[in-house]
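Please look at the sequence and the structure shown here, and keep both in view while reading. The report below moves from the whole chain to a sheet and then to a single residue.

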Amino acid sequence: MTKVYLNKKISRRVESGHPWIFANEAGAIEGSAEGGETVEVFTHDKKFVGRGYINPKSQILVRLLTRDRAETIDEAFFRRRLQQAWEYRQRIGYTENCRLVFGEADDLPALIIDKFNDYFVIQTLALGIDRWKPAIVAALEEIFRPKGIYERNDVPVRELEGLPLQKGFLSAPFGTQIIINENGLRMQVDLENGQKTGYFLDQHDNRRAIRHIVKGADVLGAFCYTGSFETHAGYYGAKSVLGLDISENAVAQARHNAELNGLSGICRYEAVNAFDVLKQWSKEGRQYDVVMLDPPAFTKSRETIQKAITGYKEINLRGMKLVKKGGFLVTSSCTNLVQPELFLETIQLAAKDARRRLRQVTFRAQASDHPIVQGWENTNYLKFLIMQVL
Ligand code: SAH
């Protein structure tokens, strides 16, 4: 097996157990492993670090799968890891829907598996894990006897690994518009054409966190996608809910979800650009009891963090202005590049400009089926904040 030796001075990241080894962190390589193959990693003085898969074409040269010298990487390895991931989810209370595998946090770098009750959506986002797709599918079949498995590898990050963008069935074909139960609500999920894996499970608990503040309220939800927060608001007793999303498709599905839950009279949707509309409405002096914001990641690279912060500040400033005195702002950010402290600072700056005072109701992260591993910043990505706006 090919051996990769780390440079003498290794980064804090590798030291703290993070599984990525960047090309510039490796010194000598003995052997001629091709992209996707399993290699062994050693320190400069030949101490075993772990086994993982290599991709010389990627900036991330090796991603470690195990640090246990006795563990080999084979079909049984993936079955074991999936079993462990499922046992962990069950242990912390998940039964139907969950992110079954959250990549690095489950010691399965670049693998994402969402479980929507009996249906599974897979993303293999690096060459080395893509190679094991048949083993992963076989393990899912064996453990869950699923009704269907779908691949959503139409993700641009795969190009960095030299992988094609593709989607399709990994089981016998099935109807890809499925219905899941979430917090007592029925939500339609489009596994084939929905965003990412079809549904944002990471906000699962946070959707419940709006329960009390939306009662009897006029609610505005921007970046609503299929209306998950908005449907929850209706269900929790909002007087009126208006959801906005730029995607006609998302809005159509949001309307359908309102119908599914008998909330068509309460939840309305418009397909508009939220940036434009929030700006215009705040100028016009419109007011809501609760404003919810859940924009897409404004940045995926370190170079554009400043631009992202400007975006968050702008959108939250507009949002706050639309909140009645004593009402609530519910705001999220889903990029790991803006860590929680920075997000709070940005919201604070927006409040200063909007001349509003904020009182924190709750500040949280993603649901626990997307585990945060201490010391691995990139697993701590979702910020969810509720502030009373005074
Ligand atoms: N709140 C949703 C997830 C939102 S994802 C949930 O919990 O399921 C972000 C959404 O923002 C996407 O649906 C995307 O279509 C939408 N979006 C992106 N840019 C937008 C814009 N300028 N105006 C309105 N919506 C936008």
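The paragraphs that follow describe the chain, its domains, one sheet and one residue.

## The chain as a whole

What is shown is a predicted model, and its protein chain contains 10 helices and 20 strands. The radius of gyration of the chain is 22 Å, close to the 21 Å that the globule rule gives for 390 residues, so the chain is as compact as a globular protein of that length. Taken along the principal axes, the box filled by the C-alpha atoms is roughly 65 × 45 × 35 Å.

Of the 390 residues in the protein chain, 57% are buried, while the accessible surface comes to about 17300 Å², with 48% of that surface belonging to carbon and sulfur atoms. If one takes the contacts between residues at least 6 apart in sequence, 62% of them join residues that are at least 24 apart.

## Three domains

The domain assignment divides the protein chain into domain 1 (3-66), domain 2 (75-174) and domain 3 (178-389). Between the C-alpha centres of domain 1 and domain 3 there is a distance of 39 Å.

## A sheet of six strands

Strands of a sheet pair through backbone hydrogen bonds, and this pairing is either parallel or antiparallel. In this model, six strands form an open sheet in the order 2-6-5-4-1-3, and the pairing within this sheet is mixed. Strand 2 (20-22) and strand 3 (26-30) stand at the edges with a single partner strand each, so one side of each is left without a neighbour in the sheet. On average, and with direction ignored, neighbouring strands of this sheet are turned by 35° against each other.

One pairing can be followed in detail: strand 1 (residues 3-6) and strand 4 (residues 38-42) run together in the parallel sense, over three bridges. Within strand 4, E40 is the bridge partner of K3.

## One residue: L220

Is L220, a residue of strand 14 (residues 218-222), buried or exposed? With a relative accessible area of 0%, L220 falls under the 20% limit for buried residues, and therefore L220 counts as buried.

Leaving aside the neighbours within four places in sequence, L220 is in contact with L242, L244, L278, W281, Y288, V290, V291, M292 and L322. L220 and P19, by contrast, are 201 residues apart in sequence, and their C-alpha atoms are 41 Å apart in space.

Terms used:
Residues numbered from 1 in each chain as written. Predicted model: local features only at pLDDT ≥ 70, side-chain atom pairs only at ≥ 80, totals over all residues. Heavy atoms only, no water. Pairing = 2+ DSSP bridges. Helix = DSSP H or I, 4+ residues; strand = E, 2+ residues; numbered from the N terminus. Axes fitted to C-alpha atoms, helices over the stretch in contact; angles between N-to-C directions. Rg over C-alpha atoms; globule rule 2.2 N^0.38 Å. Buried < 20%, exposed > 50% of the residue type's maximum accessible area, 1.4 Å probe, protein only. Contact = heavy atoms within 4.5 Å. Areas by Shrake-Rupley, 256 points an atom, 1.4 Å probe, with all protein chains shown as cover. Domains from an automatic or database assignment.
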